[in-house]
Amino acid sequence: MTTNTTESTTGEPTKICCLGAGYVGGPTMAMIAHQCPDIDVHVVDLNPERIAAWNSEELPVYEPGLYDIVKQARGRNLRFTTDVPAAIREANMCFISVNTPTKTFGIGAGRAANLEFVEKCARTIAENSDTDKVVVEKSTLPVRTAESVKRILSSASSTVKFDVLSNPEFLAEGTAIDDLLKPDRILIGGDSSAAIEKLADVYKHWVPDEKIIRTNLWSSELSKLTANAFLAQRVSSINAISALCEATGADVDEVAAAIGTDSRIGPKFLKASVGFGGSCFQKDILNLVYLCEHFGLPEVAQYWEQVVKMNDYQKYRFTTRIVKKMFNTVSSKKIAIWGFAFKKDTNDTRESAAIYVCRDLLEERAKLTIFDPQVSLEQIRKDLEYLIAGPNGELTDAERHLLNDNVTVAKSAEEAAYGAHAIALMTEWDEFKDCDFQSIYKSMMKPAFVFDGRNLLDNQMLADIGFDIESIGKP
Ligand code: UDX
Ligand code: ADP
């Protein structure tokens, strides 16, 4: 580990400001501050509640191991504030780590990324800079966004020099701390080798230099989209095969294990599920699709779009299976929803398959009792309201009644299952494996169904108790 003070291009010690204290900015900056005691790291956000939470015992992001790291660095060289201008002024390296959701309006709606927040950050940096700065894009962005950031920055001042770098984040939620600690690679794209090395020096505090890949800006930006598209494609591929397994009597977990031993394929990202979620996969593929269409490559666009379509099909197929197995109606039947986060070990629900399955079950008039160990009641209601309201954002009276009458949130998996006709397992939380299924079975209506959307539970054990169990891609 290097302990030398990291110096900026002007010979000053490196001082970092990160705009955006979310799932990426928060953990990434906490790790940098933890590993680089000589670097001041200032994380800012426009949302005062988020900043207050980062300064409290209850962080806004649930991530195993994160609190320990934050606690050690907070007050030493890690600060969370809402004073964006002051933090920018003090820094010589600014990270942009704000959200870039898919556009819901105007040109490219449903496909292109909404760059409003990134653009605002670039303008705020420009307005508050009177010394040279390295500006690092951390948000996932469409290829050539750096060009726009550069133009905004350079048009603001003729005296201050900005070097723009692309440094995409590859951490996965739930394992962010490990991913940050032992990254497969750090990717830095840019035009200025001095600026690239300045950022590389930060990572070299704990990452071996051979893991730091230097590229041009566009390669770096496109690599992030491509990595997520490839990962999502693997999940959609195995999910497509899961449908065939259910029809033919093959077992998708056996197929995945068999093909995963081929070293050319490898075992990771072959777990069939109710469908992928998260803030990145769908957004990044749609971004790629938009980009291909923009550059006149409709065949390439359609190829990648199919990965998202397959994911939509997988979510819909799961609900359809529930309805079919439950004698073609779930109307007024209580269904326990176990898990709402898009994967285990996170409180993030963005694009979670659970939201879509719940919406479709509510349309069938099922009564849902939802439990997730980390997702709050407010978040669950917000997600369902948002999806059910649709593009105009307004719930009709009928939709509001449906949500009020048919959705409750439970405090435990057992409470959710009490008196239910079925359990739909949506997130692979470890604690679900340890439930007392004997007593859960006794408390449920019969036949007692379990729809395991993650192939998490022991089918034989459940069948022996008396459950009617349905898993993904299993006979
Ligand atoms: C992803 C990328 O992995 C990460 O590199 C990038 O920085 C951000 O996007 P994340 O979305 O946090 O990370 O989680 P990931 O582990 O990739 O899972 C995404 C979704 O795919 C989850 O819903 C997960 O449950 C699902 N998944 C993953 C499967 O259904 N099966 C698998 O085999 C793997
Ligand atoms: P990600 O998963 O990419 O980290 P999040 O939505 O969790 O996305 O976090 C993004 C954060 O960026 C939010 O907390 C939001 O309030 C913040 N943000 C958005 N625009 C700005 C801005 N102009 N300046 C500072 N913070 C911003």
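User: Hello! To start with ligand 2: how far does a backbone N or O atom of Tyr23 lie from an oxygen atom of this ligand?

Analyst: Welcome! In this predicted model, Tyr23 approaches an oxygen atom of ligand 2 through a backbone N or O atom. The distance between the two atoms is 3.1 Å.

User: Which residues are the closest to ligand 2, and how many surround it?

Analyst: The closest ones are Tyr23, Val24, Asp45, Arg50 and Arg350. Val24 places a backbone N or O atom 2.9 Å from an oxygen atom of the ligand, while Arg350 has a polar side-chain atom 2.8 Å from an oxygen atom of ligand 2. The number of residues surrounding ligand 2 is 14.

User: Now to ligand 1. Which residue has an N or O atom in its side chain 2.7 Å from an oxygen atom of ligand 1?

Analyst: Ligand 1 is surrounded by 20 residues, and the closest are Phe170, Glu173, Ser273, Lys343 and Arg454. Phe170 has a polar backbone atom 2.8 Å from a ligand oxygen, and Lys343 has a polar side-chain atom 2.8 Å from an oxygen atom of ligand 1. The residue at 2.7 Å is Arg454.

User: Let's turn to the sheets. Which strands are at the edges of the open sheet of 8 strands?

Analyst: Reading across this sheet, the order is E3-E2-E1-E4-E5-E6-E7-E8, and the pairing is mixed. Its neighbouring strands are turned by 25° against each other on average, direction ignored. The strands that pair on one side only are E3 (78–81) and E8 (212–215).

User: Where in E5 is the residue opposite Cys94?

Analyst: Cys94 belongs to E4, which covers residues 93–96 and pairs with E5, residues 133–137, in the parallel sense over 4 bridges. On its other side, E4 runs parallel to E1 (residues 15–19), again joined by 4 bridges, and there Ile16 has Met93 as its bridge partner. In E5, the residue opposite Cys94 is Val135.

User: Are the residues of E4 that point either way from the strand, Met93, Phe95, Cys94 and Ile96, buried or exposed?

Analyst: Met93 and Phe95 point one way from E4, whereas Cys94 and Ile96 point the other way. Residues on both sides of the strand have the same status: buried.

User: Which strand does helix H8 run at about 165° to?

Analyst: Helix H8 spans residues 193–203. It lies across E4, E5, E6 (162–166), E7 (186–190) and one further strand. That further strand, the one at about 165° to the helix, is E8.

User: What is the order of strands in the open sheet of 6 strands?

Analyst: The pairing in this sheet is parallel, and the edge strands, which pair on one side only, are E11 (407–409) and E14 (468–471). From one strand to the next the twist averages 20°. The order is E11-E10-E9-E12-E13-E14.

User: Which residue in E12 stands opposite Ala336?

Analyst: E9 and E12 (residues 422–425) pair in the parallel sense over 4 bridges. Helix H14 (residues 377–389) packs on this sheet, touching E10 (367–371) and E11, and its direction makes about 155° with that of E11. Across from Ala336, the residue in E12 is Ile423.

User: What about the interior: which helix gives the largest share of the largest nonpolar core?

Analyst: The largest nonpolar core has 68 residues, and Ile335, Trp338 and Phe467 have the most contacts inside it. One helix, residues 353–363, supplies 8 residues, and its name is H13.

User: And how many residues are in the other core, which lies apart from this one?

Analyst: Its members include Ile16, Cys18, Val41 and Ile177. The number of residues in this other core is 43.

User: Which residues of E12 does Ile335 touch, given that E12 covers residues 422–425?

Analyst: Leaving out residues up to four places away in sequence, Ile335 touches Ile322, Met326, Val330, Leu361, Ala366, Lys367, Leu368 and Thr369, among others. Within 422–425, the residues of E12, the ones touched by Ile335 are Ala422 and Ala424.

User: One last residue: why does Glu351 count as partly exposed?

Analyst: Glu351 is found in the loop between E9 (334–338) and H13. Beyond its neighbours within four places in sequence, it contacts Phe276, Gly277, Gly278, Gln282 and Tyr356. Partly exposed covers the range between under 20% and over 50% relative accessible area. Glu351 counts as partly exposed because its relative accessibility is 29%.

Definitions and conventions: Residues are numbered from 1 along each chain as its sequence is written. Chains are lettered from A and ligands numbered from 1 in the order in which they are written. This is a predicted model: local features need pLDDT of at least 70, side-chain atom pairs count only at pLDDT 80 or more; totals for chains, interfaces and linings use all residues. Side-chain values use heavy atoms; hydrogens and water are left out. Two strands pair if DSSP finds at least two bridges between them. Helices (H or I, at least four residues) and strands (E, at least two) are DSSP runs, numbered from the N terminus. Axes are lines fitted to C-alpha atoms, for helices over the stretch in contact, and angles run from 0 to 180 degrees between N-to-C directions. Contact means heavy atoms within 4.5 Å. A nonpolar core is a set of buried Ala, Val, Leu, Ile, Met, Phe, Trp, Tyr and Cys residues joined through side-chain atoms within 4.5 Å. Buried means under 20% relative accessible area, exposed over 50%, partly exposed in between (1.4 Å probe, protein chains only). A residue is near a molecule or strand if one of its heavy atoms lies within 4 Å of it. A polar contact is a pair of N or O atoms within 3.5 Å; within protein, one must be able to donate a hydrogen and the other to accept it, and residues adjacent in sequence count only if both atoms are side-chain atoms.
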